[in-house]
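Let's walk through this one together, starting with how the chains relate and then moving inside one of them. Have the structure open as you read.

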There are 2 protein chains.
Amino acid sequence: MDSETFPVNPSLPSWLLVLRTADPDRVLWVHEEACSQDLLREYFMNLENALACPVVQVPMRGGERLKTWDAVNELLRLFQGHGLTRSSLVVTTGGGAMSDALGFAASIWKRGMRTLHVPTTPLAAVDAAWGGKTGINWGGSKNQVGTFAEPLAVHIDARWMQTLGERDFHAGLAEAAKHALLDATAMRSFQAPLPEWPCAGVEEHNAWTSWFEASAGVKKRIVELDPHEHGVRTTLNLGHTVAHALEASTATTQCAWLHGEAVALGLHFALHEALNPVLGGGDAMSAEDTEHAQWMGQWLKEWIPLPKGPWPDAASLWTFMTEDKKNVGDEVRDMAWRGVGKVVGPVSWKRDTFEATWETFVRSWNDS
Amino acid sequence: MDSETFPVNPSLPSWLLVLRTADPDRVLWVHEEACSQDLLREYFMNLENALACPVVQVPMRGGERLKTWDAVNELLRLFQGHGLTRSSLVVTTGGGAMSDALGFAASIWKRGMRTLHVPTTPLAAVDAAWGGKTGINWGGSKNQVGTFAEPLAVHIDARWMQTLGERDFHAGLAEAAKHALLDATAMRSFQAPLPEWPCAGVEEHNAWTSWFEASAGVKKRIVELDPHEHGVRTTLNLGHTVAHALEASTATTQCAWLHGEAVALGLHFALHEALNPVLGGGDAMSAEDTEHAQWMGQWLKEWIPLPKGPWPDAASLWTFMTEDKKNVGDEVRDMAWRGVGKVVGPVSWKRDTFEATWETFVRSWNDS
């Protein structure tokens, strides 16, 4: 980069400073095709102004269709077609599937190009875009193939989420709720009043952006401590054992649950178990944490509407739970919640304990 | 691992200790199908005795056919079929193409399994198996897609090379010659007398094994200093600019050069340029280094027979050289040799200088 032409400009937003400092020879900006045209223009201008290199803009339809072996081959063709080198950089503006797939393709092109993500969904903003887990689905299993490749930065801007469907927006808040359950600081900022969604004003957007940033901070800290999931990163699986089973068991039905909706119900179940403990380990819950559990249950019900229709029964969930790659023997590994920042695990479900607990949970849900 | 059943046994060879300490849940041992049956039996017994986990043995034909997008998909199917998890480990016994392709597939399966390589060619033993560059060919270019994923260890045993064709064996020595040119210690052990090849005795095999280990040590040290090739690792490209052009320009002819043969000629050319310098930079060569250059020229001629038939002319080589991904503008980047351990670069060839130097080189070769 020519330092005369592009002096360091500390007034640049930090993600643009990161990009400029990375000094790429070319930037490929892949963005979800269904985005606000105004925002696309604004961002393209910002990229062009901040960078000395060519910026190529490629619209693309996101979603799970990108997360296949063949789709990655097509992404590599795209990289080749645009002459990307190991000094190039890929910016994504999309949901979690886009950062997963583009992140994977970028990490293997010439043994690794750098990436930067601008998430357009709450799920990507607080979770998927962070932590460097890239991946695709393979052989019928989710994220079987991938790499660990940390993006240079994740830039959150809630305005991108205005064009997202309401169901996707609300479902994505579940991972933020999980983060609040894992971290006392995050719980405090989580409990501040939130503007309505969708919103139009600058202040409201800034409030949402800050709220997402605070939640993303939990993921960021945990991943820095344990990038390859040998220890504390496993606490991020809270609520996910049941969630993955729910997703898998409804995937082929007319009423497939979104990941975030499944996580919301997984968290409801974890809170129920915490208030009526059957899994071993951990101290008795404090009065304060009992209150947090009840408050969070209400928050989840208010912000994340769940799909109508009957839920899978305990036996069917159990079948899917036994396929999880974390299991040992015929018990199912899970994480138990015992208070804000107090997650116990791995704990093991036996079949009969799980089925009895699930049935009690469903009864108490229907009664409430 | 049950420490009662498998106490640490320091009398184990170090590669088996490494495997045991890695405590995998399963080992997939992929080996070149054309190997000595006696050695295969010996190694399988050693693996079974050293490890508490199942060891699965899979014969496979090596070579460039493994280094494709579709072949990697097949390797992933193999991993799935054998139930490999993120705690499993892949051992390869084969040439550089096998460690490149299996290393890549392992590095993306469940975001990374560990590997250990037992090379069966001199090229893999001193070069390809080391340093964690995995990769496949893609879109007509070599190693366009891959990862950096260091193997746990590389175990060298020259007995595996007995079943290798003579041409492959001799060609593979070129990378060892390159290492001697890069490192004074390696040059000293390189200059010790070598047993004939092929050989049958234990002592001769041990002598070759030690010789390969000393050479591999150069690669190991350089890669530790600069794993991602931002600095000193580029010196490993000595002789390779011309070599890659030679390989590419003969690839589709009846007389394709092996990589090692092309590197041998690339080194001859680098030594010629060192003795008749035209590239800028570096001090004048010492008398000792001039002697080293002459000695190495003789050694290369003695140990690495080159293919018969006319060599590509300067203009045709230049065309292929300009396609190298390291180039800037219309000059070709290269490394220049100025003595043992004294490599200067990147230096730039201009077309006319290169063509004149190549023609002088060819004339002096024919005269000698």
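**Two copies and their fold**

Chain A lands on chain B after a rotation of 180° with 0.0 Å of shift along its axis, at an RMSD of 0.0 Å. The two copies are thus related as by a two-fold rotation axis. Keep in mind that this is a predicted model.

Now look at where the chains touch. Chain A brings 20 residues to the contact, and chain B brings 20 residues too. On chain A's side, the elements that supply two or more residues are α3 (69-81) and β6 (141-145) of chain A. The top contributor there is α3(A), with four residues. By character, chain A's side splits into seven nonpolar, nine polar and four charged residues. And 100% of the interface residues of chain A are also interface residues in chain B, so the copies meet through the same surface.

Next, step inside chain B. Here you'll find an open sheet of five strands, running in the order β2-β1-β3-β4-β7 with parallel pairing. At its edges stand β2 (55-60) and β7 (153-154) of chain B, each with a single partner strand, so one side of each has no neighbour in the sheet.

Further in, β1 (residues 27-32) and β3 (residues 89-94) of chain B pair in the parallel sense over five bridges. To get your bearings on that pairing, find B:W29, which stands opposite B:V91 in β3(B).

Finally, add a helix to the picture. α1 (residues 14-22) of chain B lies across β3, β4 (114-119) and β7 of chain B. Relative to β4(B), helix α1 of chain B runs at about 165°.

Definitions and conventions. Residues are numbered from 1 along each chain as its sequence is written. Chains are lettered from A and ligands numbered from 1 in the order in which they are written. This is a predicted model: local features need pLDDT of at least 70, side-chain atom pairs count only at pLDDT 80 or more; totals for chains, interfaces and linings use all residues. Two residues are in contact if their C-beta atoms, placed from the backbone, lie within 7 Å. Ala, Val, Leu, Ile, Met, Phe, Trp, Tyr, Cys and Pro count as nonpolar, Asp, Glu, Lys and Arg as charged, and the others, Gly among them, as polar. Copies are superposed by least squares on the C-alpha atoms of residues with pLDDT of at least 70 in both. Two strands pair if DSSP finds at least two bridges between them. Axes are lines fitted to C-alpha atoms, for helices over the stretch in contact, and angles run from 0 to 180 degrees between N-to-C directions.
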